[in-house]
Amino acid sequence: MANATIIDVAAQAGVSIKTVSRVINNVTTVKPAIRARVARAIEKLDYHPNPSARGLGGNRSYLLGLLYDLSCEYYATSVLAGVFESCRAANYQVVMQPCDYRSSTVADDVARNVRRSRADGVILTPPLSDQHAIAAVLELCAAMTEQLVALGHQRIGFIIGNPDHAAVADRHRGYLDGLRVCGLRPEASLVSQGYNSHASGMQCARKLLTLPPAKRPSAIFASNDEMAAGVLAVAHSMGIAVPEQLSVVGFDDVPLAKQVWPALTTIRQPIPDMAAKAAQLLLRNLSGQPPDHSEHVLQSSLTFRHSTGPAPNRVRARSSKAPAA
């Protein structure tokens, strides 16, 4: 039967709608014979339960809320992929809700959205969930900076993430650590304040790439991929070849990083895996198991693509040393 409902299943099995819901929700008090009869009806009608039907047998809605900041849509897309993976396996549905972290009423807005959705639990994404476990982020940003120096880049620009996002702003400190390790002195003129958006990345790139030639960066490290994509757009519009004249790197490895040209060198965060783990921990709590308070660490990595190359001065130096034909 096309689009069978819980009412159809109840009629086929000769039981009440509430009994069908109890079977779907694995309530242990249902007699085995009745459970088997309902299961046969579900299979015969090819019935797929929805959250409302499942909720009739108890106090659960079988919905999870996913709250994300309006300025982080690319990041939220990657998070959603991981959350869906875990929720699908547990027969939960996901309700997404955008929030404005800058709003003075954000806490009340979150509480109101949760109440309205009747979600059994909520997953928060940065900056709504900012934590201060930053050591790994600092190490990766330092390592990326050191890689650029190894390619011969001495003037490396940096676009800072939104200052209200603790996890993103910390990446600037990693960049400074990398310069220090390589014996390079930080220069204020090579650092520009971004706000995690493509537009702010473009604005910062124009500022950095219109510096006098001697002070212009040969590489730009952006705190996220969306701003790095903005740098690429400005470089293309100014006729600056990437990576021949300018190397560009980002952070996160969202799908956009592989869609731009040239594809971005970036620091890959396993965002879907992180989101899947968060959903699994929440679902564990909802199932009545003891809370898992242990620390879960998922490895990030440097991902090299086509937006980085040797510094222009290194290329020229190699050319000048080439033997005459």
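**Exercise 1.** Which residue just after α1 takes a positive phi, and what is the approximate value? Then determine which residues of α1 are buried and which exposed residues its opposite face carries.

*Solution.* The structure is a predicted model. Begin at the end of the helix: Gly14, which comes just after α1, takes a positive phi of about 70°. Next, turn to the helix itself, which spans residues 6-13, and where Ile6, Val9, Ala10 and Ala13 are buried. Because these residues cover an arc of only 100° around the axis, they lie on the same side of α1. This fits the general geometry, since an α-helix has 3.6 residues a turn, so residues three or four places apart point the same way. Finally, the face of α1 turned away from the buried side carries the exposed residues Ile7 and Ala11.

**Exercise 2.** Locate the loops that hold Asp46 and Asp253, give the phi of each residue, and decide whether Asp253 is buried or exposed.

*Solution.* Asp46 is found in the loop between α3 (32-45) and α4 (51-55), and its phi is positive, about 55°, although Asp46 is not a glycine. Asp253, placed in the loop between β7 and α11, likewise is not a glycine and has a positive phi of about 60°. With a relative accessible area of 14%, Asp253 falls under the 20% cut-off, and is therefore buried.

**Exercise 3.** Which residues does the cis peptide bond with omega of about 10° join, and where does Pro262 lie?

*Solution.* The cis bond with omega of about 10° joins Val242 and Pro243, and Pro243 lies in the loop between α10 (225-237) and β7 (247-252). The peptide bond from Trp261 to Pro262 is cis with omega near -10°, and Pro262 is found in the loop between α11 (256-259) and β8 (265-268).

Terms used
Residues numbered from 1 in each chain as written. Predicted model: local features only at pLDDT ≥ 70, side-chain atom pairs only at ≥ 80, totals over all residues. Heavy atoms only, no water. Buried < 20%, exposed > 50% of the residue type's maximum accessible area, 1.4 Å probe, protein only. Helix = DSSP H or I, 4+ residues; strand = E, 2+ residues; numbered from the N terminus. Arc of directions from axis to C-beta.
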